[in-house]
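Please open the structure in your viewer and keep the selection tool at hand. This tour goes from stop to stop, saying at each one what to select and what can be found there.

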Amino acid sequence: MATERELSDFLKSVEKRAFKRSLFHVRDQEAALDIVQDSMMKLAEHYGDKPPNELPMLFQRILSNSTLDWFRRQKTRNALFTTMSDFEGPDDEGEFNLLDIYNADNGEAEQSAEDHTNRKQTLALIEKEIQQLPARQREAFLMRYWEEMDIAETAAAMGCSEGSVKTHCFRAIQTLSKVLKAKGIVL
């Protein structure tokens, strides 16, 4: 049984990665934050009494399901309603950006300005290309390499076979490798 402290520590450890993963899927910061918060609440309410070693798998599954639910709601909402935001211009560029704060926490102050700029540009390019991946490939790739889940855990969280996870990851890596190599980036 996870203690309140263990549950809190777990949620703190996954919040930034979960936000980033959700943002890759929904491409909307507010929606991504809502999805992550809802997922955390569901985990705490329904599975807070589970052993600490089960929390990562449960959270990943809840996060995946919450993201799918968001897409279903959006599809229904868009079919039924037109919102006023459809008629507004582009958002302000000066808004608070959690991703900028997160990137600043990774020891970038020690880099030269040129290294910092190159790193930012490379990360932006990689993130852009990850967003271009098909949904299942992107989900498998992020779980395996962003969340560092093994194949069995990823398969359980995605609700598919281990072979499917391997295929999705292989295709994602191949696509990313080709695109980045064509742009002169070799990792």
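On this tour, a contact means that heavy atoms lie within 4.5 Å. Please also keep in mind, as you look around, that this is a predicted model.

**First stop: two helices that meet**

Begin by selecting α6 (135-146) and α7 (151-158). On the α6 side, show Arg 136, Glu 139, Ala 140, Met 143 and Arg 144, and you will find that they meet Ile 151, Thr 154, Ala 157 and Met 158 in α7. If you colour this contact of α6 with α7 by residue class, you will see 5 nonpolar, 1 polar and 3 charged residues. Now turn the view to follow the two axes, which are 10 Å apart, while the helices pack at an angle of about 135°. Angles over 145 degrees would count as roughly antiparallel and those from 65 to 115 as roughly perpendicular, so α6 and α7 are oblique to each other. The crossing in which α6 passes α7 is right-handed.

**Second stop: the loop between them**

Stay here and select Glu 148, which is found in the loop between α6 and α7. Is Glu 148 buried or exposed? With a relative accessible area of 67%, Glu 148 is exposed. Its backbone deserves a look as well, since Glu 148 has a positive phi of about 55° although it is not a glycine. Most residues other than glycine have a negative phi.

**Third stop: another loop**

Next, select Arg 27, which lies in the loop between α1 and α2. Arg 27, too, is not a glycine and has a positive phi of about 55°. As for its surroundings, Arg 27 is partly exposed, with a relative accessible area of 47%.

**Fourth stop: the nonpolar cores**

Finally, select Phe 10, Leu 43 and Phe 59, which touch the most other members of the largest nonpolar core, a group of 20 residues. Widen the selection to α1 (4-26), α2 (29-47) and α3 (55-80), each of which supplies at least two residues of this core. Which helix gives the largest share? That share, 8 residues, comes from α1. Then centre the view on Phe 10 and, leaving aside residues up to four places away in sequence, trace its contacts to Leu 43, Leu 55, Pro 56 and Phe 59. Apart from the largest core lies another core, of 11 residues, which you can locate by selecting some of its members, among them Leu 125, Leu 133, Phe 141 and Leu 180.

Key: Residues are numbered from 1 along each chain as its sequence is written. This is a predicted model: local features need pLDDT of at least 70, side-chain atom pairs count only at pLDDT 80 or more; totals for chains, interfaces and linings use all residues. Side-chain values use heavy atoms; hydrogens and water are left out. A nonpolar core is a set of buried Ala, Val, Leu, Ile, Met, Phe, Trp, Tyr and Cys residues joined through side-chain atoms within 4.5 Å. Buried means under 20% relative accessible area, exposed over 50%, partly exposed in between (1.4 Å probe, protein chains only). Helices (H or I, at least four residues) and strands (E, at least two) are DSSP runs, numbered from the N terminus. Axes are lines fitted to C-alpha atoms, for helices over the stretch in contact, and angles run from 0 to 180 degrees between N-to-C directions. Angles under 35 degrees count as roughly parallel, over 145 as roughly antiparallel, 65 to 115 as roughly perpendicular and the rest as oblique. A crossing is left-handed if the near helix is turned anticlockwise from the far one by less than a right angle, and right-handed if clockwise. Ala, Val, Leu, Ile, Met, Phe, Trp, Tyr, Cys and Pro count as nonpolar, Asp, Glu, Lys and Arg as charged, and the others, Gly among them, as polar.
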